[in-house]
Amino acid sequence: MKYSKALFIGMMALVVLYSCVPTREIRDEETALPEQYQNQSTDTVNTALVQWKEFFQDPYLVTLIDSALVKNQELNIMLQRVDMAKNKIQAKKGEYLPFVNIQAGAEVDKVGEYTRNGAVEKNLEVKEGEEFPEPLTNYMVGAFATWELDVWKKLRNEKKAAVYEYLSSVEGKNFMITSLVAEIADSYYELMALDNQLAIIDQNLEIQQNALRMVKLQKEAARATELAVKRFQAEVMKNQSHKYEIQQQIVETENKLNFLLGRSPQHIDRTSDSFIDAPIDAISAGVPSQLLQNRPDVRQAEYELAAAKLDTKAAKANFYPQFTIKAGLGLEAFDVKYLTTTPESVLYSAIGDMVAPLINRNAIKAQYKNATDRQLQAVYEYEKTILNAYIEVANQLSNIDNLKKSYELKDGQVQALTESIELSTRLFQSARVEYIEVLLAQREALESRMELVETKKDQLLAQVNMYRALGGGWN
């Protein structure tokens, strides 16, 4: 079938009309796809479904990622947030169940004799011939229960909202893992690119130093001037200075990786020698609708949307009457020896309450409006997340294609300029070109080789970014 149409933008436009329902319930619409998607395979094979240990073939990189998933501090902080969200489910679940508490107490009370209570106690007897003790003590032990009847499903909706918030936090953790895997791979490839650039500068310095010696000899033979010698010396010093800049970048990139791995600065093992020949594997983008299942940030926004809808329902229930049942059963007596005397010392109670807001409901109205606003906010956040995911994939598809063409051209440029160094040197020795031609040939060859390494790095980063944009790296 042709992969010429998708229902992607239409999905987002209909979110509000469908009252914040999950994404899988939103219908499709006829929407033309960008050219980047139209050029892709029409099947549903998706690179995002490949586990990161299979996607990355470099054993050193796999080891780094594996270590970061255990020791990275930000990820461990996120795991605690997930656990806190899980605990909130347990708390909300307990709110719509009866609360039963055990209570025990002891008190002593002395009232004035010339008061109503004092006069009554003075003339009362516990038993015939036995007056009330003074001061009067009291001992009590019992169990008391409170239960709010969830008639309007307020408490159950709050519990379901907590479940969605927990699921959202899990997807947030997955999205962090995706970003962490991509960031480590980016830094690792950048480190290898810097190693290759450093090697290129060393090779070029050797060529330039040989050229400098040649110019000095020609000056002694009166075939070159002091100006040519100084220009070649300046070029050598320039590249030596650039070498130290790259060495500093290597140190910083290594320490960035060490920070992501949650460890102190140390050497990063890597295979930089094979960097320029690293294969660029084909990426299968699948179909746009798969982003809804594969990308954790899209699913996170979806769960937040569902939670916001339930929060609005719970806030609306505050306008309705609240029903509560209270009951208690225990023993109470003014003397411990009478505490177990039944049924005289038995106490019990049963109360049913109904409370409904009547006047000055401004606080409830404000709470409901805030819940409604948060629901609309979640809708817009969901739309933004989907649109961002779609654009990221489209950009990376185009980027991969253009980088491939760019690399092929720059590779040819490097070969031509590398040959021009030897050619210009021979011509200079035979006095057929000026020394400036040799300098330009060396400089352009160096720049072209550095650019080729940068393009290779960009190709590898584009693969990583495409893998992340499709939703891979967290499973």
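**Nonpolar cores and one open sheet**

The largest nonpolar core holds 60 residues, and the members that touch the most others are Phe-56, Leu-61, Ile-184, Tyr-189 and Leu-470. The model is predicted. Apart from this core, there is a second, separate one of nine residues, and an open sheet of four strands.

**Largest core**

- Several helices contribute two or more residues to this core; along the chain they begin with α3 (52–55), α4 (59–71), α7 (154–220) and α8 (226–260).
- Also in that group are α9 (291–294), α10 (296–316), α11 (362–429) and α12 (435–469).
- The biggest contribution to the core comes from α7, which supplies 16 residues.
- Ile-184, leaving aside its neighbours within four places in sequence, is in contact with Leu-61, Leu-64, Ile-65 and Ala-68.
- The other contacts of Ile-184 counted in this way are Leu-257, Leu-260 and Leu-261.
- Of these partners of Ile-184, Leu-61 is itself listed among the residues that touch the most other core members.

**Second core**

- Ala-211, Ala-228, Phe-232 and Leu-439 are among the nine residues of the second core, which is separate from the one above.

**Sheet**

- The four strands run in the order β3-β6-β7-β8, and their pairing is antiparallel.
- At the edges lie β3 (99–109) and β8 (346–355), each of which pairs on one side only.
- On average, neighbouring strands of this sheet are turned by 20° against each other, direction ignored.
- Strand β6 (residues 136–149) pairs with strand β7 (residues 322–333) through eleven bridges in the antiparallel sense.
- Ala-145 has Ala-327 of β7 opposite it.

Conventions: Residues are numbered from 1 along each chain as its sequence is written. This is a predicted model: local features need pLDDT of at least 70, side-chain atom pairs count only at pLDDT 80 or more; totals for chains, interfaces and linings use all residues. Side-chain values use heavy atoms; hydrogens and water are left out. Two strands pair if DSSP finds at least two bridges between them. Axes are lines fitted to C-alpha atoms, for helices over the stretch in contact, and angles run from 0 to 180 degrees between N-to-C directions. A nonpolar core is a set of buried Ala, Val, Leu, Ile, Met, Phe, Trp, Tyr and Cys residues joined through side-chain atoms within 4.5 Å. Buried means under 20% relative accessible area, exposed over 50%, partly exposed in between (1.4 Å probe, protein chains only). Contact means heavy atoms within 4.5 Å.
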